[in-house]
Amino acid sequence: MTPKHKNFEEEIEQEQSSNGNIKKSKHIQTHYKTWFLDYASYVILERAVPALDDGLKPVQRRILHSMKQMDDGRFNKAANIIGHTMQYHPHGDAAIAGAMVTLGQKDLLIETQGNWGDIRTGDSAAAPRYIEARLSKFALEVAFNPQTTEWQLSYDGRKKEPVHLPVKFPLLLTQGAEGIAVGLATKIMPHNFIELIDASIDILHGREVEIFPDFPAGGYADFSNYNRGMRGGRIRLRAIIDTVDKKTLAIRSVPFGTTTTALLDSIVKASENNKIKIKRIVDNTAKDVEMLVELPAGVSPDVTIDALYAFTDCELSISPNCCVITNDKPEFLSVDELLRLSTKRTKMLLKWELENKKAELSEKLFFSSLEKIFIEKRIYHDIEECETWEAVLETIDRGLDPYKKQLLRDVTEEDLVRLTEIKIKRISKFNTFKADELMRSLEEEIAQVKHDLKHLTEYAAAYFLSLKKKYGKGRERKTEIRSFDNIQVAKVAVANRKLYVNRSEGFVGTDLKKDEFVSECSDIDDIIVFMRNGKFVVSKVSGKAYIGKDIIYAAVWKKGEERLVYNVIYYDSISGKSYAKRFAVTSIIRDKKYDITKGGDKSKILYFTANPNSESEIVTVYLNPASRARKKVFEFDFGNLAIKGRGAGGNTITRYPVRRVVQKEIGGSTLGGIDIYFDEIVGRLNTDKRGTLLGSFDNGDLILALYSDGTYELTDYDLNNHYDIGRLKHIEKFDMGKTISAVHYDGKDKNFYVKRFNIQKAAKGGPFQFISDSKGSSLIAVSTAEDPVVELEYLKGRAKEKITDRLKLNELTGIKGWKARGNRLSRFRVTFADIIHPEENEAQPEIVPREQEAAAGEEEKSSGKKADQLDLF
């Protein structure tokens, strides 16, 4: 190899002069050290990361500047705007077009016309030659002011462009931003327009603020780990999923960052992988998002909703990273700090504008005063005989000398020249009264500007309020803030496999279809297997796995399941005794073999049962007839044993050989009923003491849920159940002996009714409609208290006097069937009704007898108006 190619980094770049001599030389390695840094700086500062001052990337700023230059109030072709922007942006038209479409889709700075695409469906915009745009009124008001704009030359030096636009609004937080640069990235979430204005006003008044994102597509969001938008934070987003009926779900929104197309594909993929069971999905998205998911028979809508969140893009996580350019370098800030700095800059720009306005008004007042003196004192007559320009200016200046002390500033030569430019027509028609009125109005404006400058904080707050009033309509929060529960994937995974076991040879798996069927399972389940020698192991579900010979039990295993208790009698070969023990397996190391005996080589399990709700049992133990025991048959009660860990040795039941053990009877749950809580925030049941305690539940117990649409349902206490907290009126442990008292409004005849009924059948089911299903009907209040009281307000007599009464529901109506409409609550026009809880009733025990209310109704009737003709709405 020649020395020339020995080392690339040692090559020398040579530039030669015209005579062939070496002009300079430089190592390529030196270029590498500077080129990459230059490139990284350029990408960070000029392409990917928005500026703190105006919240815009350079391409966005140049688009808006071009649109301002082209603005005449009419729409311009997007292609023309792109071409005009290329005077300032040193990149291709595709980059400008993409940035312009993104700005247009945010519906804030650009008013669009034509097909600009849809962020919900992912549909792209039409070609730039087919779509049009112009600056919005909001953009014209907040983003442009040549007097407060710093200018620089464009990339080719032919044009001037703004360094930053004088944006008087937290634009970056409103629109959000995302960009990937060299070595860093930024991801700022969009926030709500109105909430940002309110928060800016709070900052102006020195109050602490906390802001959360608001996404244009709506949906649910959990900001519990938002971390103020800084690195390390995390946002959980969910689509809105409604239950249309038992066989149909409706997806009403898409999480930010995905589209209906991508969401549909993720659902189809999850279905193909047997993670969820659906019949079909139909995308009916038009003005609003609507994707209908049809379920096959026997599939729970609640479990499917959880599975959609667990296995599809119906739930996404976003990691914010608030990075902006400030002082020509990237800086990581919190969104609270970003809003504080933006508000501070807005206040500074408003002060700058006021100072400019004050200077302009002062200049107008000065020249108006100068002009009045020039004309009223007829100074213009003195210049008629002047022969030179210098003499003219000197004469005018001398004529103004007696009045200069009255002027706002000194008179300059430029002022004198302007006086000479006043036309004779204006002098001849000069009106002193109008001139005085003009000067008076200018003085008032200057006084107002000075007041605003002195009270700048109040002025800035009023500015934000005016923006809210003019542009806030229709910009209310779209994303509903919620606290999400953690979905346990194993519980919602579809059982898409069948588990089989070959006991004698020791194999377990989903491919052993000729062997004994165990249960259904999913791909992500774990299985637990016990063998006769006292060993057990937990392993992942697979097609075929060897565990060990002589399997006595195999099942799907759930981590942390404390109520599943194993009752075991085993023979210990070391001591020769038989022991009984009860234990649960709540945590293990996967694929590790555990021993529930004392470790003898010939130890073996004599009796084994798995009890889902910690049931005890009584067994009959038969000893070997050849043993020396006096009593060769006896009973043993597992209920006398405490539930311990899997490593406990157990209690001795006999020292003689056991021939067999037979179950005699099953006992009750040793651990008793399980306490079920209802979390009102997420609408779910739990055993973690979150929310309200519904009670202790055992086998066969049910939950009663009553909804605002006048329906009730009875459900089991499965923790996968979901209750619509938006409609839920009341939830409790079902007691067939309790009477349900309800106040409801009938939308058909527009009257309030009261009814009392019992649920006669304690069986899971629903929803069942127990009030009118006519339009406008609703359940006003409901209670299962023994002696409920209704508080109502009604208008009495011709004077419409508002009366507040309390009535005992037991006296208003008797117990009827659940389909009965019930009795009228009052003959008057009821404006308010509610059922008083017992503790509230004790505080104010005065109850109005039914007879008194009836007598008042007769008085109303005799007044000539029929109470049943009065409409509530």
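Is Arg228 buried, partly exposed or exposed? Select Arg228 in this predicted model, and you will be in the loop between β10 and β11, at a residue with 43% relative accessibility, which therefore counts as partly exposed. While Arg228 is selected, check its backbone as well, since phi of Arg228 is near 55 degrees, a positive value in a residue other than glycine.

Extend the selection to Asn227, which is found in the loop between β10 (219-225) and β11 (234-238). Asn227 is not a glycine either, yet it has a positive phi of about 60 degrees, and with a relative accessible area of 40% Asn227 is partly exposed.

Next, select helix α7 (residues 193-204) together with helix α15 (residues 456-471), and look at how the two pack: the angle is about 170 degrees, and their axes are 9 Å apart. Angles over 145 degrees count as roughly antiparallel, and α7 and α15 are therefore roughly antiparallel to each other. To display the contact itself, show Phe193, Ile194, Ile197, Asp198, Ser200, Ile201 and Leu204 on the α7 side, and Thr457, Ala460, Ala461, Phe464, Leu465, Leu467, Lys468 and Tyr471 on the α15 side. Colouring this contact of α7 with α15 by class will give 11 nonpolar, 2 polar and 2 charged residues.

Move on to Ser136, which lies in the loop between β5 (132-135) and α5 (137-142). Ser136 counts as buried because its relative accessibility is 10%, under the 20% cut-off. Draw a distance from the side chain of Ser136 to the backbone nitrogen of Ala139, and you should find 3.1 Å. If neighbours within four places in sequence are left aside, Ser136 is in contact with Leu108, Leu109, Ile110 and Glu111.

Then go to Val754, in strand β43 (residues 751-757), where the relative accessibility is 0%, so that Val754 counts as buried. Which residues surround Val754, not counting those up to four places away in sequence? Val754 touches Ala742, Val743, Leu809, Leu812, Thr813, Arg821, Gly822 and Asn823. Add Ser741 to the view for a further distance: Val754 and Ser741 are 13 residues apart in sequence, and their C-alpha atoms are 7.4 Å apart in space.

Finish at Pro767, which is found in strand β44 (residues 765-769), and display the backbone there, because the peptide bond from Gly766 to Pro767 is cis, with omega near 5 degrees.

Methods. Residues are numbered from 1 along each chain as its sequence is written. This is a predicted model: local features need pLDDT of at least 70, side-chain atom pairs count only at pLDDT 80 or more; totals for chains, interfaces and linings use all residues. Side-chain values use heavy atoms; hydrogens and water are left out. Axes are lines fitted to C-alpha atoms, for helices over the stretch in contact, and angles run from 0 to 180 degrees between N-to-C directions. Helices (H or I, at least four residues) and strands (E, at least two) are DSSP runs, numbered from the N terminus. Angles under 35 degrees count as roughly parallel, over 145 as roughly antiparallel, 65 to 115 as roughly perpendicular and the rest as oblique. Contact means heavy atoms within 4.5 Å. Ala, Val, Leu, Ile, Met, Phe, Trp, Tyr, Cys and Pro count as nonpolar, Asp, Glu, Lys and Arg as charged, and the others, Gly among them, as polar. Buried means under 20% relative accessible area, exposed over 50%, partly exposed in between (1.4 Å probe, protein chains only). A polar contact is a pair of N or O atoms within 3.5 Å; within protein, one must be able to donate a hydrogen and the other to accept it, and residues adjacent in sequence count only if both atoms are side-chain atoms.
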